[in-house]
Amino acid sequence: MKRVFIGFVICLFLNCSKKENTISNTTYVISKKDIITNISNKPKDKNIPPPPPIPGWLFYGTNTFIIDKDSKIYYFQREKIGRICGHKFDDTIPHFINLQPKDLIEIPNNMISDFIKLNYKDNFRNITFIASSLDTLKTQNYFDLINAIESSLNQDDLYFIRRTTQEEDTVFKYKKNNDYYNSENIKWDEKRIRFPFIKPKLQKTNLQ
């Protein structure tokens, strides 16, 4: 009888572990996820997808992770972002941020959790993006990244999953090929990227 009870407990434990793992390791299809969810203000249910990207100048947030086709993860960080309640959500084209190949840091597979703990800040709002040119995210690196981010979220932190931008894809290509990169030499599709307005310089005239 004792052996039967022990066997039942072991089976129950294994079934629970398997169920929990199934929930946490949920495949994410970017094109199918369009539900807006505020992760920081709702229970941590891994079946609820994160919200779509914030438009325009907040498209990159403070932390961005790029998952490439080989499932490797790269990271770049930007300045802190304040509250966004007054932002107009009619600008859906990502802004040019002058990203450079050197800004993309590859994270070793076994260092994802430690990397996030070291780079997430407690003194300002972390707005994180997970970006990929892939539509379906289902690798172990992706699951590890989601779990690490979830465990590091503070009250006002947010995270989003989206496709990579034109600028990210371009810079990433140059980094992978180890080529010289100059944004001024790129033929940008300006329907997919917004450049800052530069006031033209007035030509000086000689008064006689």
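**Entry 1: the whole chain**

How many of the 208 residues of the protein chain count as buried, as a percentage? I looked this up before anything else, and the figure is 39%. A reminder to myself: this is a predicted model.

Next I went through the secondary structure. I find 4 helices and 7 strands in the protein chain. Reading from the N terminus, I noted the order of elements as α-β-β-β-β-α-β-β-α-β-α.

I also looked at the surface and at the contacts. The accessible surface of the protein chain is about 14,000 Å², and carbon and sulfur atoms hold 53% of that. For contacts with a separation of 6 or more, I see that 76% join residues 24 or more positions apart.

**Entry 2: the sheet**

In what order do the strands of the open sheet run? I traced 5 strands, in the order β4-β3-β2-β5-β7, and the pairing is mixed. At the edges I have β4 (105-107) and β7 (158-163), each of which pairs on one side only. From one strand to the next, the twist averages 25 degrees.

I then followed β2 to its partner β5 (residues 127-132). These two strands pair in the parallel sense, over 5 bridges. A handy landmark here is Phe 65, which stands opposite Ile 130 in β5.

**Entry 3: helices across the sheet**

Two helices caught my eye next. Helix α2 (residues 112-119) lies across β2, β3 and β4, and I put its direction at about 5 degrees to β3. Helix α3 (residues 140-152) lies across β2, β3, β5 and β7, and runs at about 155 degrees to β7.

Which residues of α2 are buried? My list has Ile 112, Phe 115 and Ile 116. Looking down the axis of α2, I see the buried residues fall within an arc of 95 degrees, so they line one face of the helix. These buried residues pack against β2, β3, β4 and also α3. On the face turned away from the buried side of α2 I find Lys 117 and Leu 118, both exposed.

**Entry 4: Asn 63**

I kept coming back to Asn 63, so I gave this residue of strand β2 an entry of its own. Is Asn 63 buried or exposed? Its relative accessible area is 1%, and with the cut-off for buried at under 20%, Asn 63 therefore counts as buried.

What does its side chain meet? I noted a polar contact between the side chains of Asn 63 and Thr 62, at 3.1 Å. Another polar contact links the side chain of Asn 63 to that of Gln 77, at 3.5 Å.

Leaving out residues up to four places away in sequence, I see Asn 63 touching Tyr 75, Phe 76, Gln 77, Asn 119, Tyr 120, Asn 126, Ile 127, Thr 128 and Phe 129. From that list, I matched Asn 119 to helix α2 (residues 112-119), and Ile 127, Thr 128 and Phe 129 to strand β5 (residues 127-132).

**Entry 5: Ser 71**

Where does Ser 71 sit? I found Ser 71 in the loop between β2 (63-67) and β3 (73-77). Setting aside residues up to four places away in sequence, Ser 71 touches Thr 139 and Asn 141. I checked the C-alpha atoms of Ser 71 and Asn 141 too: they are separated by 6.6 Å, although the two residues are 70 residues apart along the chain. Asn 141 falls within helix α3 (residues 140-152), a pleasing link back to my third entry.

Notes: Residues are numbered from 1 along each chain as its sequence is written. This is a predicted model: local features need pLDDT of at least 70, side-chain atom pairs count only at pLDDT 80 or more; totals for chains, interfaces and linings use all residues. Side-chain values use heavy atoms; hydrogens and water are left out. Contact means heavy atoms within 4.5 Å. Two strands pair if DSSP finds at least two bridges between them. Axes are lines fitted to C-alpha atoms, for helices over the stretch in contact, and angles run from 0 to 180 degrees between N-to-C directions. Buried means under 20% relative accessible area, exposed over 50%, partly exposed in between (1.4 Å probe, protein chains only). The arc is that of the directions from the helix axis to the C-beta atoms. A polar contact is a pair of N or O atoms within 3.5 Å; within protein, one must be able to donate a hydrogen and the other to accept it, and residues adjacent in sequence count only if both atoms are side-chain atoms. Accessible areas come from the Shrake-Rupley method with a 1.4 Å probe; for residues, only the protein chains shown count as cover.
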